[in-house]
Amino acid sequence: MLDRRQDARDKVIYGGVAEIAESGASRNCVVRNISEHGAHLEFTNNVALPKESIRLTIARKGRSFMARIIWLRDNFVGVAFNPEQSYELPGSDLAERLRKSEKKKRLLQQRIKELIGEG
């Protein structure tokens with residue numbers, strides 16, 4: 001099968017929410033792979049989505065994307081992201097959590113050194 005993607009996708013399992021702008025309806029999905037330019041989504045059953053665009057929100061990445069449906073087969077959907085309409089989710093605390101995690105890691109490393117007599 002010919003792969004026409006601009007770049008390779010990373011295999012992931014992220015929870016996502018696809019929102020249809022016109023109706024405000026939303027459906028939960030699983031993001032199976034993702035790149036800077038698109039993603040492969042899986043829904044629990046067959047879906048009827050508009051060809052124009054959907055908003056895909058991936059909380060784990062702290063991002064929301066406007067996406068165009070490229071292909072649809074049963075409950076699987078391939079989307080391409082609109083790079084001009086991608087944004088960080090409000091209240092995304094990913095950077096803060098990372099800083100706290102790094103601080104905790106340094107404290108634990110320091111404590112280990114103290115316990116084994118290097119500090």
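Helices and strands here are DSSP runs, numbered from the N terminus: H or I over at least four residues for a helix, E over at least two for a strand. The model is predicted.

**Exercise 1. Overall layout**

Task: State which pattern the protein follows along the sequence, and how many helices and strands there are.

Solution.
- Step 1. Read along the sequence, the pattern is β-β-β-β-β-β-α.
- Step 2. The secondary structure therefore comes to one helix and six strands, taken as DSSP runs.
- Step 3. Turn to burial: 29% of the 119 residues count as buried.
- Step 4. Turn to the surface: the accessible area is about 8700 Å², and 51% of this belongs to carbon and sulfur atoms.
- Step 5. Turn to contacts: among those between residues at least 6 apart in sequence, 47% join residues at least 24 apart.

**Exercise 2. The nonpolar core**

Task: Find which residues of the largest nonpolar core touch the most other members, and which elements give two or more residues to this core.

Solution.
- Step 1. The largest nonpolar core has 21 residues.
- Step 2. Those that touch the most other members are Val31, Ile34, Leu41, Phe43, Val77, Val79 and Phe81.
- Step 3. The elements giving two or more residues to this core are β1 (10-19), β2 (26-34), β3 (38-42), β4 (54-58), β5 and β6 (76-88).
- Step 4. As background, nonpolar side chains in soluble globular proteins tend to be buried together.
- Step 5. Take Val79 as a case. Leaving out residues up to four places away in sequence, Val79 touches Arg9, His37, Gly38, Ala39, Leu41, Ile54, Ala67, Arg68, Ile69 and Ile70.

**Exercise 3. Gly38**

Task: Decide whether Gly38 is buried or exposed, and list what Gly38 contacts beyond its sequence neighbours.

Solution.
- Step 1. Place the residue: Gly38 is in strand β3.
- Step 2. Its relative accessibility is 0%. The cut-off for buried is under 20%, so Gly38 counts as buried.
- Step 3. Set aside neighbours within four places in sequence. Gly38 is then in contact with Arg9, Asn33, Val79, Ala80 and Phe81.
- Step 4. Check one pair by C-alpha distance: Gly38 and Phe81 are 43 residues apart along the chain, yet their C-alpha atoms are separated by 5.1 Å.

**Exercise 4. Two salt bridges**

Task: The structure holds two salt bridges. Work out where the partners of Glu42 and Arg32 lie, and where Glu114 and Arg111 lie.

Solution.
- Step 1. Glu42 and Arg32 form a salt bridge, with the closest N and O atoms 2.7 Å apart.
- Step 2. This pair links distant parts of the chain: Glu42 is in strand β3 and Arg32 in strand β2, ten residues apart.
- Step 3. Arg32 has 30% relative accessibility, so it counts as partly exposed.
- Step 4. Glu114 and Arg111 meet through their side chains in a salt bridge of 3.3 Å, N to O.
- Step 5. Both Glu114 and Arg111 lie in helix α1, three residues apart, about one turn of the helix.
- Step 6. Glu114, at 42% relative accessibility, counts as partly exposed. Arg111, at 44%, also counts as partly exposed.
- Step 7. As background, side chains of opposite charge can pair when their charged atoms come close.

**Exercise 5. The loop between β5 and β6**

Task: Decide for Asp74 and for Asn75: buried or exposed? Then find which backbone oxygen the side chain of Asn75 reaches.

Solution.
- Step 1. Asp74 lies in the loop between β5 and β6. Asn75 is found in this loop too.
- Step 2. Asp74 has a relative accessible area of 51%, so Asp74 is exposed.
- Step 3. Asn75 has a relative accessible area of 15%, so Asn75 is buried.
- Step 4. Check the backbone: Asp74 has a positive phi of about 55 degrees, although it is not a glycine.
- Step 5. The side chain of Asn75 reaches the backbone oxygen of Phe43 at 2.7 Å.
- Step 6. Not counting residues up to four places away in sequence, Asn75 touches Leu41, Glu42, Phe43, Thr44, Asn45 and Asn46.

**Exercise 6. Ser64 and Leu115**

Task: Name the side chain that Ser64 contacts, and the residues that make a nonpolar surface patch with Leu115.

Solution.
- Step 1. Ser64 is found in strand β5 (residues 63-73). Its relative accessible area is 0%, so Ser64 is buried.
- Step 2. The side chain of Ser64 makes a polar contact with the side chain of Thr57 at 3.2 Å.
- Step 3. Leu115 is in helix α1 (residues 94-115). At 59% relative accessibility, Leu115 counts as exposed.
- Step 4. Ile112, Leu115 and Ile116 make a nonpolar surface patch of about 330 Å².

Note on methods
Residues are numbered from 1 along each chain as its sequence is written. This is a predicted model: local features need pLDDT of at least 70, side-chain atom pairs count only at pLDDT 80 or more; totals for chains, interfaces and linings use all residues. Side-chain values use heavy atoms; hydrogens and water are left out. Patches are made of residues with over 30% relative accessible area and no salt bridge: like charges are joined within 9 Å, nonpolar side chains (Val, Leu, Ile, Met, Phe, Trp, Tyr) within 5 Å. Accessible areas come from the Shrake-Rupley method with a 1.4 Å probe; for residues, only the protein chains shown count as cover. A salt bridge is a side-chain nitrogen of Lys or Arg within 4 Å of a carboxyl oxygen of Asp or Glu. Buried means under 20% relative accessible area, exposed over 50%, partly exposed in between (1.4 Å probe, protein chains only). A polar contact is a pair of N or O atoms within 3.5 Å; within protein, one must be able to donate a hydrogen and the other to accept it, and residues adjacent in sequence count only if both atoms are side-chain atoms. A nonpolar core is a set of buried Ala, Val, Leu, Ile, Met, Phe, Trp, Tyr and Cys residues joined through side-chain atoms within 4.5 Å. Contact means heavy atoms within 4.5 Å.
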